[in-house]
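Here's a quick briefing to keep beside the viewer. Take a look at the sequence and the structure first, then work through the points below.

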There are 2 protein chains.
Amino acid sequence: MRLSTKGRYGVTAMMDLAIHDNAGPVTLADISQCQGISLSYLEQLFSKLRKAKLVEGVRGPGGGYRLSRPAEDINIAEIISAVDEKVDVTKCNQEGNCQDGMRCLTHDLWMELSERLYSFLAGITLAQFVNRPGIHELAIQRDKINGRFILARRQAEVLQQQRKAS
Amino acid sequence: MRLSTKGRYGVTAMMDLAIHDNAGPVTLADISQCQGISLSYLEQLFSKLRKAKLVEGVRGPGGGYRLSRPAEDINIAEIISAVDEKVDVTKCNQEGNCQDGMRCLTHDLWMELSERLYSFLAGITLAQFVNRPGIHELAIQRDKINGRFILARRQAEVLQQQRKAS
DNA sequence: CAATATCCTACTAAATTAGTCAGGAATTAT
DNA sequence: ATAATTCCTGACTAATTTAGTAGGATATTG
């Protein structure tokens, strides 16, 4: 009973996007460096996230990825499903043909577990999780350690523009 | 997010023991044939189940395995833990050293998920599951199809002895 | 054009899972 | 006693999945 790194990486990366959402697109190179995930591997994951319409890619310099919806509307179950296949612990993919074309004795158990698992994860939005006490502080601390100055600069620019506009 | 066959096999096999609990020990050869699991593989699983004190082996002819405790006192989480390692979706085995010796941003999420997962599974006893409507009937049907006459005979003998004793 | 990014496909290495094989040890029936 | 039955153990292997590489194409900005 475990979660592959694919799912964990996916959620972690999405949280990164959510945290830096106001500072424009985040590059995979950035995430790769900070979270210690290989760039190419991240590209594969984001390809899936993009196909699931959870993120949007922006090409070219200054580009990167951003959430395609507000963090309030993205839940953990979606992310894991997109990246790590289904959240499902049955053998038969819920089809009930687990043993000789019939439902095996434990089929109902796995079905129920799968459902509960999914709804637990579906009940947690990115926003909810990012807004937990301490998370933002922890993230900023991390960014400093990792020398994520680009993001800091961008974030400052965005604030300036907002001031101009008002 | 998935369950390996180890865990599934383990639970399925334990259910088999629970269902045939009144008919004396169940041989692995029997389970192997009926559930379509290789005998040697079952032996490995049962070695773990035995070490976790969930089953007892009875050697010699007429031997097999039986539950070491009443089915009411055995829950699904124990079985999976015994056979398939921990029920845990964190990267760091709950130690909180997931990223550079610090807790990663998603650590709390995985911790909470692991806990909920475990307590869900721990809340289901073998007995509860075996006593679900339809399960016993399904099992008897299966036994007939699989020609599990040995067990049927034994079950009859047990009943006779009980009658004599009373 | 040059630099920066995403995007895409195919390949490879490592780890895990699932299983096999070969034998030994305990128990019971004959 | 001995043969049959069954658990028990460890080492080995094949298949699958996971994780990661490599290399290049495409789009965008300055």
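Among contacts in chain A between residues at least 6 apart in sequence, what percentage join residues at least 24 apart? The figure is 66%. Keep in mind that this is a predicted model, with protein chains A and B sitting around DNA strands C and D.

**Chain A overall**

- Chain A has 8 helices and 2 strands, and along the sequence they run α-α-α-β-β-α-α-α-α-α.
- Of its 166 residues, 48% count as buried.
- Chain A's accessible surface comes to about 8500 Å², and carbon and sulfur atoms make up 50% of that.

**Helix 2 of chain A**

- Helix 2 covers residues 28-35 and is mostly tucked away, with 6 of its 8 residues buried.
- The buried ones are A:Leu28, A:Asp30, A:Ile31, A:Ser32, A:Cys34 and A:Gln35.
- Just past the end of this helix, A:Gly36 adopts a positive phi of about 70°.

**The nonpolar core**

- The largest nonpolar core holds 84 residues, and A:Phe46, B:Met14 and B:Phe46 are the ones touching the most other members.
- Leaving aside residues up to four places away in sequence, B:Phe46 touches B:Ala13, B:Leu17, B:Leu28, B:Ile31, B:Val55 and B:Tyr65.

**Around DNA strand C**

- There are 24 residues around strand C, and A:Arg50, A:Tyr65, B:Thr5, B:Ser38 and B:Arg59 come nearest.
- Of the strand C atoms that come within 4 Å of the protein, 66% are sugar or phosphate.
- A polar side-chain atom of A:Arg50 sits 2.4 Å from a phosphate oxygen of strand C.
- A:Arg59 also reaches this strand, with a polar side-chain atom 3.4 Å from a sugar or linking oxygen.
- On the base side, a backbone N or O atom of A:Pro61 is 3.5 Å from a base oxygen of strand C.
- From chain A, helix 3, strand 1 (55-58) and strand 2 (64-67) each supply at least two residues of the surface near strand C; from chain B, helix 1 (5-19) and helix 3 do so.
- By class, that surface splits into 7 nonpolar, 11 polar and 6 charged residues.

**Around DNA strand D**

- Strand D has 27 residues around it, and A:Thr5, A:Arg59, A:Pro61, B:Arg50 and B:Tyr65 come nearest.
- Sugar or phosphate accounts for 68% of the strand D atoms within 4 Å of the protein, and bases for the rest.
- A:Arg59 turns up here too: an N or O atom in its side chain is 2.6 Å from a sugar or linking oxygen of strand D.
- B:Leu28 uses its backbone instead, placing a polar atom 3.1 Å from a phosphate oxygen of strand D.
- For a base contact, look at B:Glu43, where a polar side-chain atom lies 3.1 Å from a base nitrogen of strand D.
- The elements giving two or more residues to the surface near strand D are helix 1 (5-19) and helix 3 (39-51) of chain A, plus helix 3 (39-51), strand 1 (55-58) and strand 2 (64-67) of chain B.
- The class tally for this surface is 8 nonpolar, 13 polar and 6 charged residues.

**Residues worth clicking on**

- A:Arg59 has side-chain polar atoms by sugar or linking oxygens of strand C and strand D.
- B:Leu28 is touched by B:Phe46 and also meets a phosphate oxygen of strand D through its backbone.
- B:Tyr65 is one of the residues that come nearest to strand D, and B:Phe46 touches it as well.

Note on methods:
Residues numbered from 1 in each chain as written. Chains lettered and ligands numbered in written order. Predicted model: local features only at pLDDT ≥ 70, side-chain atom pairs only at ≥ 80, totals over all residues. Heavy atoms only, no water. Near = heavy atom within 4 Å. Polar contact = N/O pair within 3.5 Å; in protein donor to acceptor, adjacent residues only side chain to side chain. Helix = DSSP H or I, 4+ residues; strand = E, 2+ residues; numbered from the N terminus. Nonpolar A, V, L, I, M, F, W, Y, C, P; charged D, E, K, R; others polar. Core = buried A, V, L, I, M, F, W, Y, C linked by side-chain atoms within 4.5 Å. Buried < 20%, exposed > 50% of the residue type's maximum accessible area, 1.4 Å probe, protein only. Contact = heavy atoms within 4.5 Å. Areas by Shrake-Rupley, 256 points an atom, 1.4 Å probe, with all protein chains shown as cover.
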